[in-house]
Amino acid sequence: MLTGCGEEQAEDTIRIATFNVHLARGEAGALIAELESGSAQVDAVVRVIATVDPDIIFINELDFDTENKALSVFKRRLSEA
């Protein structure tokens, strides 16, 4: 069951979100450094996702690295929010 924002949620409701975070960077390691140090864009993305608090989220345009370092740092930032 999906409901609109701001409505009271039933216990068995699953919140699903998709978000184009536009966190793709032009050089290797740039996003990881930005995620670790923070920036206005990264802070805003984390704040929005933490506020919405979805059970499942599909994130678009997060830089890919073969070791998933950026994803790990991003997940850590979200868990801290």
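## Core, patch, bridges and bends

I14 is partly exposed, with a relative accessible area of 43%. That residue is a handy way into this structure, which is a predicted model. From there, we can look at the nonpolar core, the charged pairs and a couple of backbone angles.

**The surface patch**

- I14 sits in the segment before β1, and its 43% counts as partly exposed because the class covers values between 20% and 50%.
- Together with I16 and I56, I14 makes a nonpolar surface patch of about 280 Å².

**The nonpolar core**

- In soluble globular proteins, nonpolar side chains tend to be buried together.
- Here, the largest nonpolar core is made of 13 residues.
- The residues with the most contacts inside this core are L23, L31, L35, V45, L62 and F74.
- Which elements each supply at least two residues of this core? They are β1 (16–23), α1 (30–37), α2 (40–52) and α3 (69–80).
- The top contributor is α2, which gives four residues to the core.
- To see how the core is knitted together, pick V45: once you set aside its neighbours within four places in sequence, V45 is in contact with F19, V21, L23 and F74.

**Salt bridges**

- Side chains of opposite charge can pair when their charged atoms come close.
- How many salt bridges are there in this model? The count comes to four, and three of them are described below, starting with the pair D43 and R77.
- The side chains of D43 and R77 meet with an N to O distance of 2.7 Å.
- Why does this pair tie together parts that are 34 residues apart in sequence? D43 lies in helix α2 while R77 lies in helix α3, so the bridge links those two parts.
- The two partners differ in cover: D43 is partly exposed at 31% relative accessibility, whereas R77 is buried at 14%.
- E67 and K69 form another salt bridge, and their closest N and O atoms are 3.2 Å apart.
- Of these two, E67 is exposed, with a relative accessible area of 56%, and K69 is partly exposed at 46%.
- R76 pairs with E80 in a salt bridge as well, with 3.5 Å between the closest N and O atoms.
- R76 and E80 are four residues apart in helix α3, which means about one helical turn separates them.
- Is E80 buried or exposed? E80 is exposed, with a relative accessible area of 57%, while its partner R76 is partly exposed at 38%.

**Positive phi angles**

- Most residues other than glycine have a negative phi, and most peptide bonds are trans.
- D53 goes the other way: its phi is near 50°, a positive value in a residue other than glycine.
- Where does D53 lie? You'll find D53 in the loop between α2 and β2 (56–62), and with a relative accessible area of 53% D53 is exposed.
- N68 is also a non-glycine residue with a positive phi, near 60°.
- The loop that holds N68 runs between β2 and α3, and N68 is partly exposed there at 38% relative accessibility.

Terms used. Residues are numbered from 1 along each chain as its sequence is written. This is a predicted model: local features need pLDDT of at least 70, side-chain atom pairs count only at pLDDT 80 or more; totals for chains, interfaces and linings use all residues. Side-chain values use heavy atoms; hydrogens and water are left out. A nonpolar core is a set of buried Ala, Val, Leu, Ile, Met, Phe, Trp, Tyr and Cys residues joined through side-chain atoms within 4.5 Å. Buried means under 20% relative accessible area, exposed over 50%, partly exposed in between (1.4 Å probe, protein chains only). Contact means heavy atoms within 4.5 Å. Patches are made of residues with over 30% relative accessible area and no salt bridge: like charges are joined within 9 Å, nonpolar side chains (Val, Leu, Ile, Met, Phe, Trp, Tyr) within 5 Å. Accessible areas come from the Shrake-Rupley method with a 1.4 Å probe; for residues, only the protein chains shown count as cover.
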